[in-house]
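Here is a set of exercises to work through with the model open beside you. Try each task before reading its solution.

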Amino acid sequence: MNLVDAGLFAQLCLAAAAILLAVFAPVGHRNLAAGIGVAALGVVGAATGVTALLGVQGAGLRVPLALPGFDAIDPLTLAPDRLGGFFLAIVGVVVAVAAVFGIGYAHGPVASRTGWTAFAAFALGMQLVPSAGDALTFLLAWELMAGGSTVLLLADHAAREPVRRATLWYAVMTHLSFLLLVAGFGVVIAASGGTTWSRIAATSINEPLASGAFLLLIAGFATKAGLVPVHIWLPRAHPEAPSHVSAAMSAAMVKMGVYGVLLVVLRLLPMGPRWWAIVLVVVGAASALYGILQAAVQSDLKRLLAYSTTENIGLIVTAIGVGLLLRDSGQTGAGDVAMLAALLLAVSHAAFKTVLFLGAGAVLHATGERDLDLLGGLAARMPWTASAFGVGALSAAALPVTSGFVAEWALLQALVHANSQVDRLIAVVLPITMGVVALTIGLGLLTFVKAFGIGFLARPRTPAAADAHEVGPTMRAALVFGAVVVVGLGLVPGPLAEALATAVNAGGVGTVGATGLALGGFGVLLHPLALTLLTGAVLVPLVAVNFAIARRAPRRDVDLTWGCGGERTSPRMEYNATSYSEPLVRVFRGSLRASRSVDVVRADGAPLLVEEMAFTQETVDVIEDRLYLPAARGVRRFGDFARKLQNGSIHRYIGFSFAALVLVLLWVAR
Amino acid sequence: MTAILVVLVHLAFALAITPVLIGVMRTVRARLEGRSGGGIGQPWRDVLKLLAKEPLRAPGSTPVLSAAPVLLMASSLVLSALVPLVSTLALPSVPGDLFVVVSVLLLGTVALALLGLESGTAFGGMGSSRHMVIAALVEPTVLLSIYAISGPVGSSVLSVIVAARSADPASLLNPVSLLAIVALVVVVIAETGRLPVDNPSTHLELTMVHEAMILESGGRDLGWLEFGSWLRLTALLGLVANLAVPFGVAPDASLVGLLVGVATGAVKLLLAGALLAAVEVFLAKLRLFRVPELLAGSFVLAFLSVSAAYLVF
């Protein structure tokens, strides 16, 4: 038994311990006890994942299976490879941070025995998915993950009605995903005669079957990953879930979809035809653009973050698609960098999305609000949360020196250095992808300037925001740790990238100057530490000059600097999130639809005098509106029709039986 | 070591030429409009006056109020250090990679947009919102046009691109390069808030973008903001000028080379500025919601340029 196997075994034990703690700890200490239990599970998972990523291969944990009537069934196996280890590490860290945050955050039903038990099960499920060595274990872990998250999502259903509807959407989509996966794995297992990854990978599956399995599996994983057009559960489930659960769902669970895609295209069905890569690029680019457009116009902070998850996963899948396409056309160097970019994007998204969701949770905890239009001025009241959220937002906007910047830099380098003159397809696909990625970056910038600026700067827009207080020590610790990871990954990308490159067999990636990232294949390098030093060298004299002037002309406090030339403006006159994105709604009116309503209350007897006016705007998810609602209406219409058949009248049922009898007799006598 | 010298030369060049550039542009504009103008030294005097004055602070403000102007200034300075204004000798560990340069530029953009939101006034928010929408829509053109000119060179490092172009003058006139340069000019206009995207000298309420964000700032805050924005113009205009006419840019850090680089750089920059100002006299500001059409047009140019690269090579 080596380190990886011991780690896997320890995870199983720790999950059981966490559940026992959740059930038997006294009420007053349940959060602390269960939170520490789950955090330990996460930490051990992360350590196991890192060990596996560094290339330690265990014998694997196996549970032999025997079913009457079947001669040989592959045992249930837990044996992560490098790629699985990478995802296990991501999940472990996210789970640990979310659990620590949960110690201070969880209250009400989420802090119940059921709540913490479900969280432990959810965490264990997520950690077993990338460790699985065969399809059956994978699917079992997948269901544990889905079940645990559904229970957590449902936790607050008694208090809030939207929770129930969100859970329904989530349960339907997550089971759709499961069914697609069962069908897809069924095809490959039938073709290869075994369930373990190695058996499946060793078999070369014939063409129509392979493509069918590919489409089924990708559709299943895309549903979990929240890609367009099966993203619709994200903007419903993420806002309604408790914030530390949203963080775990968005930063870790959604990544399992990405792991699935990589598992299929790199391990199970490698060397697929070219159109597979194009499918991934198209789906990824559409998700990236659609996700960020929707995110930019949301005013609910957690809904905004949910749509931004669709964008980020879209970018990751685009990178995978570009990588496959380039490798297929013989440009291994650029293809490798694109694959590396996919993993960097994944780890960076996990880091900053955890911070952002936990930050949103802290805001919710402090003010009871998650609508940006009702927040404002929080930076002065919650400096720790504001700083951490700011760092996360910088990373989400792909600005230096954060993890997000490194990842998108790698993706753009892959696009620029690919030789687009090889053939016509690549010559068209690459520039369009470049344009889409660039527009996504631009809109991401707007989205996160809005999220931070409207929520944390300006003046409080409601009393709730004005009375906000900084959150407790565990929540602060989780936020600060997340922010430090985001900056750390951004400052020291070299060693991480080198380790990741091995997980996707990418060559030519190296470390330069102990911390920088060098893409040896095309002789480019990124040295964030040097960039920071250069900026520091510029900033120090600048700040010194600024201080020297400030001593002679200190800042003066006034009631109003200029304030549009008016008296102290009312908070209602501030620009809010809805007004901030109004130009964008106009510019993209083709793909963003907003339903607006203006309610005017007029004075009695004087219809020209307006007493009150209310404006509300809701943005519509066009895909939900055009695709899902008609489908749901169709199902309902069928149900109405079926109800007419079943009206409870015994005469009618006898009539049905009689008619059936007659039909059978006619058929027999034919 | 010599690379650090080049960075210092770039910074000194940018700091020294920026007020002159703005002064020349304003004077050209004033003369063409039949005014006498404040003279070429006026921007310099303006900035010195502003820097010496006290800034104001309203209750409830955050550190962003005082940090954003300094950050914008720092972003513009780093930008001028990374862009090959005088010499193509780059720092070995920060070689002025296109994406790094763009992200440094965007850091300044974000600092400005957050400052607009900080005061919580309607104008600040309006300017910030418009500013970010324009920045978002410009982004595809920026990356795609540089993609077009970096493709033939095989590098995304700006100094390498400029050096390769000066070594191969024939490549300057092919359609790839011309289309990309035109697209880049639109980018510079949009990023620095010049006509027809934004009017830098307006205080007319409904048309402001840049001015709306800095309305609440005064004293040295405003001084840094103004100077930082001007520096951005210098760096971007200098970059486009050196991409379009890459002659005279020093390939090394020799004294003669640097002197020639400074002289030709100054001439190119001032000519480009004068040209921009002269064209601005004949332009009216576009309606805000027509700006996306202009930017979409520039995106199409950039895309055509990339496609032309496929046909030409």
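**Exercise 1. The interface**

Find how many residues of chain B touch chain A, and work out which elements of chain B supply them.

Solution. Keep in mind that this is a predicted model. Start with the contacts: 66 residues of chain B meet 66 residues of chain A. Next, sort the chain B side by element. At least two residues each come from α2 (42-52), β1 (56-57), α3 (64-82), α4 (98-118), α5 (122-153), α9 (219-244) and α11 (291-312) of chain B. The biggest share belongs to α5(B), which gives 19 residues, the most of any. Finally, look at the chemistry of this side of chain B: 42 residues are nonpolar, 15 are polar and 9 are charged.

**Exercise 2. A pairing across the chains**

Determine which strand of chain A is joined to β1(B), and whether the two run parallel or antiparallel.

Solution. The strand to look for is β6 (residues 556-557) of chain A; 2 bridges join it to β1(B), and the strands run parallel. To place the pairing residue by residue, take Arg556(A): its bridge partner in β1(B) is Leu56(B).

**Exercise 3. Two helices of chain B**

Compare the length of α3(B) with its expected span, then do likewise for α7(B), and decide how enclosed each helix is.

Solution. Begin with α3(B). Its 19 residues, at 1.5 Å a residue, should span 27 Å, and the end C-alpha atoms lie 25 Å apart, which agrees. For burial, count residues with 20 or more other C-beta atoms within 10 Å. In α3(B), 18 of the 19 residues are buried, so the rest of the structure largely encloses this helix.

Now turn to helix α7 (residues 175-191) of chain B. It has 17 residues and reaches 24 Å from first C-alpha to last, close to the expected 24 Å. Of the 17 residues of α7(B), 14 are buried, so this helix too is largely enclosed by the rest of the structure. After α7(B) comes Gly193(B), with a positive phi near 65°.

**Exercise 4. A hairpin in chain A**

Describe the partner of strand β7 (residues 593-603) of chain A and say how well β7(A) is covered.

Solution. First the pairing: 11 bridges join β7(A) to strand β8 (residues 606-620) of chain A, and the two run antiparallel. One of the partners to check is Val610(A) in β8(A), which is bridged to Arg602(A). Then the turn: the hairpin has 2 residues between its strands, and Gly605(A) takes a positive phi near 75° there. Last, the covering: β7(A) is hardly covered, with 0 buried residues among its 11.

**Exercise 5. Two buried residues of chain A**

Establish whether Asp336(A) is buried or exposed, then list what Val401(A) touches beyond its sequence neighbours.

Solution. Asp336(A) sits in helix α13 (residues 332-367) of chain A. It has 23 C-beta neighbours inside 10 Å, so it counts as buried. Leaving aside neighbours within four places in sequence, Asp336(A) contacts Ala506(A), Gly507(A) and Gly508(A).

Val401(A) belongs to the loop between α15 and α16 (403-417) of chain A. Here too, 23 C-beta neighbours inside 10 Å are found, so Val401(A) counts as buried. With neighbours within four places in sequence set aside, its contacts are Val487(A), Gly490(A), Leu491(A), Pro528(A), Leu531(A) and Thr532(A).

How values were computed
Residues are numbered from 1 along each chain as its sequence is written. Chains are lettered from A and ligands numbered from 1 in the order in which they are written. This is a predicted model: local features need pLDDT of at least 70, side-chain atom pairs count only at pLDDT 80 or more; totals for chains, interfaces and linings use all residues. Two residues are in contact if their C-beta atoms, placed from the backbone, lie within 7 Å. Helices (H or I, at least four residues) and strands (E, at least two) are DSSP runs, numbered from the N terminus. Ala, Val, Leu, Ile, Met, Phe, Trp, Tyr, Cys and Pro count as nonpolar, Asp, Glu, Lys and Arg as charged, and the others, Gly among them, as polar. Two strands pair if DSSP finds at least two bridges between them. A residue is buried if 20 or more other C-beta atoms lie within 10 Å of its own, exposed if 12 or fewer, and partly exposed in between; C-beta atoms are placed from the backbone. The expected span of a helix is 1.5 Å times one less than its number of residues.
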